[in-house]
Amino acid sequence: MINYEHYVLDNGLQVLIHPDHSTKMAVTNIIYKVGSRNEVSGKTGLAHYFEHLMFGGSKNVPKFDSALERVGGECNAFTNTDITNYYITLPANNIETAFWLESDRMLQLNLSKKTIETQRKVVIEEFKQRYLNQPYGDAMHLMRGLCYDLHPYQWPTIGKDIKDIEGFDEEDIRSFYQYHYAPNNAILVVAGDVKETEVLEMAKKWFGPIPPVKTSPVAISEEPKQTQKRSLFHSADVPTDALYKAYHMPGRMQKGYLECDLITDILGFGRSSLLEQKLVKNTGIFASCNGYILGALDPGLMIFSAKMEKGKTAEEAEKVLDEVVHEFIENTISQEILNKVKNQAEAMKTYESIQLINRAMTLAYYTQLGSPDIYQIEYDQKTAIAADQISDMARTTIKESNASVLYYKSNKQ
């Protein structure tokens, strides 16, 4: 368990405090409950775009990074389908600087034309470099579009198309900011060499006067159940064929999610996984093969992705992959394998708890799921799951009528 105190300010901001006096550092981690799932078609990529805008300065802080560096701090952020997360690390005796910086950009971000256009260019360049000009870089664009018809998970966090980013106007940007960047849509965690009473007073001083947003949540389209296999053939200038096969699975807080997590842990996590041992080392078809889940808040995807050896096709790889996965489904999972993946989960939990910033992120993330206590509850549930429960979920999830397959073909072969 991670020790914490949890408060809610009058404006709805959740504040969690995690003292750790073994260090002289402190961190602030603030989650805004907004990601690409909160966007609409034609205006995709706004959540990620705002991650960039938030470092463009605010009314009283012309240069965010410079102000932080002057007190020995550093910062970063990330956006995914469900949240946007900002974090700062700095000497604990300078913690109030982090409150000043974060509160100022929550209340009065610099949305001048110059800042908007500067960050627009940065995001467009990132889109090109990471997704259009990288081998296989557009694979998840293609996969998401194949797997989803209605839900906004049908586009990646960067956005569906560069044209969307080019088309954001000032009204789009200001509306998105005013609606999502509000205290009652945020969770602030402060951790490190801090005193609880002082942190709470600083939270009230710097964030308390910021008004909450009063608009109602926008309904997100529910994805209908998939009833037949979907396939997409895509050819590109890449070294070898690649295969991406996805199955719809429960959302983050739904029954069956943890079983799906264990399925991919057994099949595709690490050098000793079944896919690595049976496909990569023993077939001559696979250069690599992994299994993972996307961990999405709403019903998400279990994905098997693989790169082929030179001259091998994605189609023949799928047949062999299906055979190995089918064998896994039909056979009893040994206690040895089950113990191994549960030991890995324990080791990962221990490793993640070492760094202060990881503990702060964990508290923030699970609070937005409903409660910071879910972290331990979920771990206890996962390590108590029996082999037959995993097999039952595998049979329910891994079936052709629930599959979407991208055959990413090399035009060099």
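Here is a short conversation about aromatic contacts in this predicted model.

Visitor: Which ground rules apply to the values?

Guide: Residues are numbered from 1 along each chain as its sequence is written, and side-chain values use heavy atoms, leaving out hydrogens and water. As the model is predicted, local features need pLDDT of at least 70, side-chain atom pairs count only at pLDDT 80 or more, and totals for chains, interfaces and linings use all residues.

Visitor: How many aromatic pairs does the structure hold?

Guide: Rings of Phe, Tyr and Trp (its six-membered ring) pair if their centres lie within 6.5 Å; planes under 30 degrees apart count as stacked, over 60 as edge-to-face and the rest as tilted. By that rule, the number of aromatic pairs in the structure is 19.

Visitor: How many residues apart in sequence are the parts tied together by Phe50 and Tyr177?

Guide: These two rings are stacked, 5.9 Å centre to centre with 5° between the planes. Phe50 lies in helix H1 and Tyr177 in helix H7 (helices, H or I, at least four residues, and strands, E, at least two, are DSSP runs numbered from the N terminus), so the pair joins parts whose separation in sequence is 127 residues.

Visitor: Is Tyr86 buried or exposed?

Guide: Tyr86 forms an edge-to-face pair with Tyr181, at 6.3 Å and 65°. Buried means under 20% relative accessible area, exposed over 50%, partly exposed in between (1.4 Å probe, protein chains only). With a relative accessible area of 0%, Tyr86 is buried.

Visitor: Which residues do ring pairs link into a cluster?

Guide: Both pairs above belong here. The cluster linked by ring pairs consists of Tyr32, Phe50, Phe55, Phe64, Tyr86, Phe176, Tyr177 and Tyr181.
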